[in-house]
Amino acid sequence: MNIRLSKTKYLNGMQCKKLLWHIYNMPDAILAPDASTQAIFDQGHLVGKYAKKLFPEGIEVDHTKSFDEGLKSTIQLLLKRVPVFEGALAYKNCYARADILEPVGKNAWDLIEVKSSTEAKDVNYNDIGFQYHVYTGAGLKIDKCYLMCIDNNYVRNGDIDPNKLLKKIDVTDDVKTFYSKIIEDDVAEMFKSIEAKTYAETGIGKHCNDPYDCPLINKCWSFLPERSVFLLYKNKKLPMALIKDGVLKLAEIPETIVLNEKNQIQVDCEKNGEPHIDPVRINDFLNTIRYPAYYMDFETCGSAIPMFDNTSPYQQMPFQFSVHVVKKQGSKPEHYSFLADGTNDFRPAFMAKLKEVMGTKGSVIAYNAGFEIGILKKCADVLQEYKTWVESIEERIIDLLQPFRNFAYYHPKQNGSCSLKKVLPVLTGKSYDDMEIGDGGTASREYFRVTFTDDNKDRAKIRKLLEEYCGLDTLGMVDIVDQLYLLNKDI
Ligand code: SF4
């Protein structure tokens, strides 16, 4: 087998040798990236475009012809001593394509890796370390190594300023003193793994999601029963220890294992098939509701590249709200909604419409309310005229997540989650399953696509689906509270 190890495959191999073996020997088993992973890749490409603007004399290597042509073109460009984008070199069956190689002094280069993240992570050192290994092995003199990533302190004012959007972190010492030294051995191990007749069984673990979600999870984790110990709420360590001892099912966790209160409730529910109900805590929560009650939910989108003036990278921008107003306990809810239109900053229209429908008294009920309040405060930082009003909303807000996060109510079918998506079906029978847009990530991506890109032929349909989705979030909350009242009455 003529094996060539790229940087991406090297990182795959660092994550798991079994994954690496499959990439070379059973590529059909590898699932294509899902929409949310693809969206992260797209952000990376966009950030890369802004990074290139910092090097106006830079030239990109043409990799469209063949692998060898790409190597040859790189060498020709390096001889010109200009910044080179995607310069590819090979060394001992390894090859790397640096985002940017910048000439320094007479004959050296700085290696710059561009990422859409906001800080350096361990995987970035491996990434740059591998490139350093290849480039220096191929005879290139590397002076400094940099990670160029997003500066989240940047606030847009007019056109995007790449000098302020991006920051350079000098990682030279780490890369030269540690990573480049261990890479030679790592690479030798990886070639052995790839050439082996079959993979060595590594066993599942934290590495399956770290640093990336592995595309073989469905295959490797399939031995677990549906009701596995991994359903334990916010407990990642114990399930690993349990499966090592052969305990796979939630209901089979031995009584000798000391569990925290919530996990114990889960195991008890699993064994008796009944929900756990704590009437005192439910009653305490219900007693905090004041009528008229305003059930409120936002959808947001964000981008590494700030969308409008006075916004920062990755700032979540509210493009949609749904509010259901229940005037008296048990009365029919009235619905109000907003879905931004056009490509200008939608915050002023969002805030104006929301203020119009929220009234001045009564509870404001949100699910995971800290998110909604955080969004409103960020908006009021820029639209100062809403500051006092946002403070008044903060005083009125209550969090419907609270009784579920506290396990005042827990149903085994929540599968160890307190999210609205899990709680709504068990209490009301309603579900997001058949909705074309049925989660916040999809809502955000689809809104962005039909609003800010040319891929928008289905715009009217998507806007309708968005209205249905956000509307279900708040109507669902109304139904959940109604069910809590019923439970309370029945007990
Ligand atoms: S799912 Fe886990 S064990 Fe399986 S290949 Fe991926 S990282 Fe390795």
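**Close-up 1. Helix α12 meets helix α13 in this predicted model.** Here we look at α12, covering residues 347–357, and α13, covering residues 369–382. Their axes come within 11 Å and cross at roughly 115°. As for handedness, α12 goes past α13 in a left-handed crossing. On the α12 side, the contact is made by R347, F350, M351 and L354. Facing them from α13 are L376, C379, A380 and V382. Sorted by class, this contact has seven nonpolar residues, one charged residue and no polar ones.

**Close-up 2. The ligand and the residues around it.** Start at C16 and L19, which belong to the ligand's surroundings. T202, G203, H207 and C208 are also part of this shell, and so are C214, L216, I217 and C220. Split by class, the shell has seven nonpolar and three polar residues, with no charged ones. As for the space that the ligand takes up, it is the largest cavity.

**Close-up 3. A cis peptide bond between D210 and P211.** Zoom in on the link joining D210 to P211: the bond is cis, with omega at about 10°. P211 belongs to the loop that runs between α7 (172–195) and α8 (217–220).

**Close-up 4. Another cis bond, this one from Y291 to P292.** Omega for the Y291 to P292 peptide bond is near 5°. You'll find P292 in a loop too, between α11 (279–286) and β8 (293–301).

**Close-up 5. E86 and its positive phi.** This view picks out a backbone oddity: E86 is not a glycine, yet its phi is positive, at about 60°. As for where to look, E86 lies in strand β2, which takes in residues 84–91.

Conventions
Residues numbered from 1 in each chain as written. Predicted model: local features only at pLDDT ≥ 70, side-chain atom pairs only at ≥ 80, totals over all residues. Heavy atoms only, no water. Near = heavy atom within 4 Å. 1 Å grid on protein atoms, 1.4 Å probe; cavity = no way out; pocket = protein on both sides within 12 Å on 5 of 7 lines; lining within 4 Å. Sits in = over half its atoms within 2 Å of the grid points. Nonpolar A, V, L, I, M, F, W, Y, C, P; charged D, E, K, R; others polar. Axes fitted to C-alpha atoms, helices over the stretch in contact; angles between N-to-C directions. Helix = DSSP H or I, 4+ residues; strand = E, 2+ residues; numbered from the N terminus. Left-handed = near helix turned anticlockwise from the far one by under 90°. Contact = heavy atoms within 4.5 Å.
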